[in-house]
Amino acid sequence: MKNELTPTGAIPPQEVTDADIMAAQVKLWEFLGRRTRSYTMGDSSSVRVETAQELFASACYILRIDLNGSPSVLRSILDWDLDRRFAEGITTVERKIQTAQRLWQAACLSVPQMENISLSATLRSIGSFPKRYHYRYFAHEIPCDIDYQLCHPVPETLLGVDYIIEYLRRILIEHGFLRCFEPALCIGLLDAYCPDYKGLLINLYEPIATNAIGVALINGDTLKLDISSQERVRIATILDPLPKSQAINTLQSAASAVCTALKIHQPVARQYLRRLAEGLYPRIHAALSAGNLDGVFLSCK
Amino acid sequence: MGGVIIEQKFSLVPVEMQMAAAMQELDACNELSGRFGLALKQEQMLRLTEQRFQALKSTGRIEFGEGVLKKLVSAFCDSPYITQQNYEETLGELQDIFYYFKNESGDTLSDDELIEAMKSVFDGKAQGSLEYLAGTALENLCRVIRGGETEEYESSPDEEEYEE
């Protein structure tokens, strides 16, 4: 008979015996029972299926079990002392929460001098994350309102505090980049990009970084940010004749040049900008087909 | 997100070992209920155990360790409205009612609190009527718990009965 803890597809039957599956299933079942009793504080022998699923998902996150993973997961479950591993996992999560708090403080202190409501609201919400994060029972959840869109979103495979840490790391990269420029120039560019840049859910980094790459393409002064219509024609002249791979290489080289000019040495920050440069190609290609780069590289207002 | 993965990977059917454990628990209950002239035969235990899992499934709940049947037997075996003839049927109904009202109360009542309320009404105002227990008294109680219609509940005779 199948049951709640019977893997139905993740583990090839030839790799493990039925006895292994049954033993792992019983072990997980009993462990989940202990987690559930702890959650209900012994008041209730039963919980809603949805609650049990969330408790189980949380336990898998803490125990670092991926039930979609290789058959070795099953062997690990049989070998581990689940309670001990869970306690160690909780300690790790507690350390990560402290890391997230430090990153949040750094992110708040590094906010660029350009207003954006979703950025402020998101940072405020992440500030209350440690209080709202019930990591002993729902560690995989992200109890925050994260409205501010990053240039490169955090993968949804990351859960709980891992997601928050990665989000804050990325936001710090973006803030660090934006703070290299004169706020007035950035605001002028953002005005041209989106007149309601303060109120709408836009990313502040992307238009600024795009223009910085554009300036680097024509060997201009990166810090000036502004691109005139004549300069857009020069950029088009450079990129238009190039095949795709070469155009992407050129854009990525420009991104590297921007990083060097701005003294950004952190590999992850450099890679972040290079990813943006690579992602610009489809937009540039479409804009060149339409005859101009007005919608990609902007002139400050 | 994890919940979705689990939903895809696991079916929600009771474990065989749980069935066996539930049967053993009920067997142990006969000792207590025997003092009041109530006992369950093996086939009755099996039916009640199956009914338990069916009730859990239909109410979307999952149970670990000891089921609630043992507690229901302990609480209700001294009821004047339960006889050997209606014992199995009543236990089955009480079990269904219990899980249903665990959901209806939004899980704010502990097992013991809900069973205490059920027993009080069953032996009191309901006079052994399971329909009255489920259809009137517990509905009123859960409406109050959910945050509305307190006046109706306060003036309800069931409440007076329960408070006695």
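**Exercise 1. Find how far apart the centres of domain 1 and domain 3 of chain A are.**

*Solution.* Taken over C-alpha atoms, the centres of domain 1 and domain 3 of chain A are separated by 49 Å. Next, place the bounds, which come from an automatic or database domain assignment: chain A is divided into domain 1 (18-80), domain 2 (92-179) and domain 3 (181-301).

A word on conventions before we go on. This is a predicted model, in which local features need pLDDT of at least 70 and side-chain atom pairs count only at pLDDT 80 or more, while totals for chains, interfaces and linings use all residues. Residues are numbered from 1 along each chain as its sequence is written, with chains lettered from A and ligands numbered from 1 in the order in which they are written.

**Exercise 2. Work out which residues of helix α3 of chain B are buried and where they lie around the axis.**

*Solution.* Start with the helix itself (helices are DSSP runs of H or I, at least four residues; strands are runs of E, at least two; both are numbered from the N terminus). α3(B) covers residues 42-59, 18 residues in total, and reaches 26 Å from its first C-alpha to its last.

Now sort its residues: one is buried if 20 or more other C-beta atoms, placed from the backbone, lie within 10 Å of its own, exposed if 12 or fewer, and partly exposed in between. Met45(B), Leu48(B), Thr49(B), Arg52(B), Ala55(B) and Leu56(B) are buried. Seen down the axis, the buried residues of α3(B) fall within an arc of 120 degrees (using directions from the axis to the C-beta atoms), so they line one face of the helix. On the other side, Glu43(B) and Ser58(B) are exposed.

Finally, look for the packing partners: β1 (46-48) of chain A, and from chain B α2 (16-33), β1 (61-63), α4 (69-76) and α5 (87-104). Just after the helix, Gly60(B) has a positive phi of about 65 degrees.

**Exercise 3. Describe the largest nonpolar core and one of its residues with the most contacts.**

*Solution.* A nonpolar core is a set of buried Ala, Val, Leu, Ile, Met, Phe, Trp, Tyr and Cys residues joined through C-beta atoms within 7 Å. The largest has 71 residues, and Ile164(A) and Phe98(B) are among those with the most contacts inside it. Helix α2 (residues 49-63) of chain A gives the largest share, 8 residues.

Then zoom in on Ile164(A): leaving aside residues up to four places away in sequence, Ile164(A) touches Ala100(A), Ile126(A), Phe129(A), Ile142(A) and Cys144(A), a contact being C-beta atoms within 7 Å.

Note on methods:
The expected span of a helix is 1.5 Å times one less than its number of residues. Two residues are in contact if their C-beta atoms, placed from the backbone, lie within 7 Å.
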